[in-house]
Structure formats: structure tokens, C-alpha cells
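Biologist: Please put the sequence and the model on the screen. I will then ask about one place at a time.

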Amino acid sequence: MLIDTHSHIYSEEFDDDRSDALKRAKEAGVGKIILPNIDSSSIERLSALAITDTNYFYVANGLHPTSVNADFKRELDAVFSESTFDSLPNIVAIGEIGMDLYWDDTYLKEQMEVFDYQLSYAKDKNFPVIIHCRNAFSNIMDVMSAYKDSGLTGVFHCFSEDYEAANRVIGMGFYIGVGGVLTYKKSTLPEVVAKVPLASILLETDSPYLAPVPHRGKRNEPAFVSCVAEKLSSLLELDYGKVCEITSENAKKLFRIAQ
Ligand code: NI
């Protein structure tokens with residue numbers, strides 16, 4: 001079995017063929033999908049999908065850094081309200097949260113404050129976190145330094161830093177989320193991932209984004225996590241089934257999924 005630990009298949013990009021995409025996922029061996037939230041506007045569609053099969057879909061609730069602006073307090077209140085948590089089944093993590101300074105650093109301070117709030121919430125309620133980190137590794141580390149030895153754990157989804165950063169992340173007890181970028185020709189990720197213990201790796205798609213080769217440039221979907229597993233299998237010269245088994249066990253351990 002494979003677990004896609006990061007998919008936005010509840011998003012409107014799948015409104016025309018979501019059930020077909022899910023069928024393809026199951027045919028490709030994807031046994032579970034983690035659905036990370038974006039902001040208050042995505043909760044209803046996330047919940048509507050997650051509720052259809054609570055042995056298949058697992059939910060992360062949180063506020064994505066690109067949805068943070070001057071009005072962030074209202075957004076945080078909505079995402080972290082009791083009624084939001086009540087409406088979402090199977091919550092296994094807080095996510096996706098973090099910082100994104102790639103397009104715009106206008107709300108750098110606000111992003112840091114919102115990230116810190118969500119880390120603190122996750123720590124208090126004993127949830128792992130799903131971290132989105134784009135052009136912001138040092139800022140993320142600054143905010144996270146306050147949580148050192150707090151028992152907080154999670155995954156750096158779509159990990160894109162170097163080996164030294166990977167070591168720091170793993171040293172903190174966090175996992176490295178690996179997706180389509182692993183299959184890209186010019187990517188430096190394979191060198192990093194080859195040196196990281198498999199026990200610290202989770203597989204993901206981030207669908208609809210970042211489709212792996214040979215689907216690069218098209219819409220990504222959970223079935224394509226098998227392409228990432230294949231690439232990892234050849235990179236590590238390890239049996240495909242073993243890669244699926246170990247990475248799925250890692251995901252179950254982090255998100256405390258029993259079966
Ligand atoms: Ni995402």
C-alpha cells in the first residue's frame with residue numbers, strides 16, 4: 001500500500017472527475033490520502049470529501065501561509081473555531097502551515113505570527129504539523145526554535161532544501177515529504193534523499209500541483225505518488241514493495257493511523 005500524505009484532491013480542479021481520479025488512485029495502490037486544508041474557504045469542500053470515507057481520507061486543519069494577509073486574525077479565528085473542528089472528520093494533523101516568501105514577502109511578520117500560533121496550537125493539542133516552507137527555511141527555523149524539545153513533530157512537505165537542512169529537520173524528529181520534484185531532471189533532491197534514512201521519508205503528491213515525470217506539466221493526482229515511489233526505489237536500489245511498505249509505516253506512525 002501507498003499513502004499520499006499530501007493531496008488537495010478536494011479542490012475544484014477535480015470537480016469534473018474526482019471519482020475517476022480516486023479510482024485510479026486505488027488501482028495504483030494508494031490506500032490512504034491525507035488532505036491538508038488551505039483556509040476558511042476550503043473547509044466545506046474538504047469536509048464534504050473526507051466524510052465520504054473515513055478509512056481512506058485523513059484531514060489536516062490549518063491556515064496556509066499564502067492565505068495570510070493583514071486580516072489574518074479573522075481567518076485564524078474561522079479556521080480554528082470549534083465549529084470548524086467539529087465539521088472536519090478524522091483530523092490527524094495541523095496543516096498546512098508554514099511560510100512562503102517565494103512570490104511575496106509583504107506579510108512576512110504576519111506569516112511568522114500565524115505559523116507560531118499554529119505550532120503552539122498543535123503542541124497544546126498534541127497534533128503533528130504539516131509544514132509548507134518555500135524560500136523561508138531560516139525564518140521557519142527561527143519560529144520553530146521556541147518549540148525545541150517540546151515533543152512537537154511533523155513533516156516538511158515538498159522538501160526542497162539541501163542535505164544540511166534535511167539533517168536539521170530529521171534531528172528535530174521531523175519527516176521529509178518527497179513528491180514529484182524527485183523525478184525532475186535538474187532537481188538536486190535525489191542526492192539529498194539518497195543520503196537520508198528511509199525511516200524519515202514520507203511520500204506525497206501535493207496534487208493538483210507538481211506532477212512527477214512522465215506527467216510533469218499536467219494536473220497531478222494521488223495515483224501518481226506511485227511514480228515517486230518508483231523513482232525512490234531505483235534511487236535507493238530497493239524493492240518497490242519495500243519502499244511502499246516503509247514509507248506507509250512512516251506515515252501511519254507520524255499521523256497515528258492505526259490500521
Ligand atoms: Ni499543499
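Biologist: Where in the chain is Cys-158 found?

Modeller: Helices (H or I, at least four residues) and strands (E, at least two) are DSSP runs, numbered from the N terminus. Cys-158 has a positive phi, near 50°, in a residue other than glycine. Its place is the loop between β6 (154–157) and α7.

Biologist: What kind of model is this, and which atoms do side-chain values use?

Modeller: Residues are numbered from 1 along each chain as its sequence is written, and this is a predicted model in which local features need pLDDT of at least 70, side-chain atom pairs count only at pLDDT 80 or more, and totals for chains, interfaces and linings use all residues. For side-chain values hydrogens and water are left out, and the atoms used are heavy atoms.

Biologist: Cys-158 also lines the largest cavity. What volume does the largest cavity have?

Modeller: On a 1 Å grid over the protein atoms alone, a cavity is a set of points where a 1.4 Å probe fits but cannot get out, and a pocket is an open set with protein on both sides within 12 Å along at least five of seven lines; lining residues have an atom within 4 Å of a point. Grid points are joined across faces, edges and corners, and a volume is the space filled by probe spheres set on the points. The structure holds 1 cavity of 30 Å³ or more. The volume of the largest cavity is about 40 Å³.

Biologist: Which strands each supply at least two residues of the lining of the largest cavity?

Modeller: The lining includes Ile-131, Cys-133, Phe-156 and His-157. By class it divides into 6 nonpolar, 2 polar and 1 charged (Ala, Val, Leu, Ile, Met, Phe, Trp, Tyr, Cys and Pro count as nonpolar, Asp, Glu, Lys and Arg as charged, and the others, Gly among them, as polar). The strands in question are β5 and β6.

Biologist: Which residues coordinate the nickel ion?

Modeller: Donors are N, O and S atoms within 2.8 Å of the metal (3.2 Å for Na, K and Ca); water is not among the atoms, so sites may look incomplete. The donor residues are spaced H-x1-H-x87-E-x109-D in sequence. At 1.9 to 2.7 Å, they are His-6 (NE2), His-8 (NE2), Glu-96 (OE) and Asp-206 (OD).

Biologist: What geometry does the site of the nickel ion have?

Modeller: Four donors count as tetrahedral if all angles lie between 85 and 135 degrees; four count as square planar and six as octahedral if opposite donors are over 155 degrees apart and all others between 65 and 115; anything else is irregular. The angles among the 4 donor atoms run from 87 to 174°, and the site is irregular.

Biologist: Are His-6 and Asp-206 buried or exposed?

Modeller: His-6 is in the loop between β1 (2–4) and α1 (18–27), and Asp-206 is in the loop between β8 (201–203) and α9 (225–236), 200 residues apart. Buried means under 20% relative accessible area, exposed over 50%, partly exposed in between (1.4 Å probe, protein chains only). Both residues are buried.

Biologist: The donor Glu-96 lies in strand β4. What is the omega of the peptide bond from Gly-95 to Glu-96?

Modeller: Strand β4 covers residues 91–100. The bond from Gly-95 to Glu-96 is cis, with omega near 0°.

Biologist: Which residues are closest to the centre of the largest pocket?

Modeller: The largest pocket has a volume of about 750 Å³. Its lining has 11 nonpolar, 13 polar and 8 charged residues, and the largest share, 3 residues, comes from strand β5 (residues 129–134). Of the 32 lining residues, the closest to the centre are His-8, His-64, His-132, Asp-206 and Tyr-209.

Biologist: How far does helix α10 reach from its first C-alpha to its last?

Modeller: The expected span of a helix is 1.5 Å times one less than its number of residues. Helix α10 (residues 240–255) has 16 residues; against the 22 Å expected, it reaches a close 23 Å.

Biologist: What is the relative accessible area of Val-243?

Modeller: Val-243 is found in helix α10 and is 8.1 Å from Leu-198 in space, C-alpha to C-alpha, at 45 residues apart in sequence. It is one of the buried residues of α10. Its relative accessible area is 0%.
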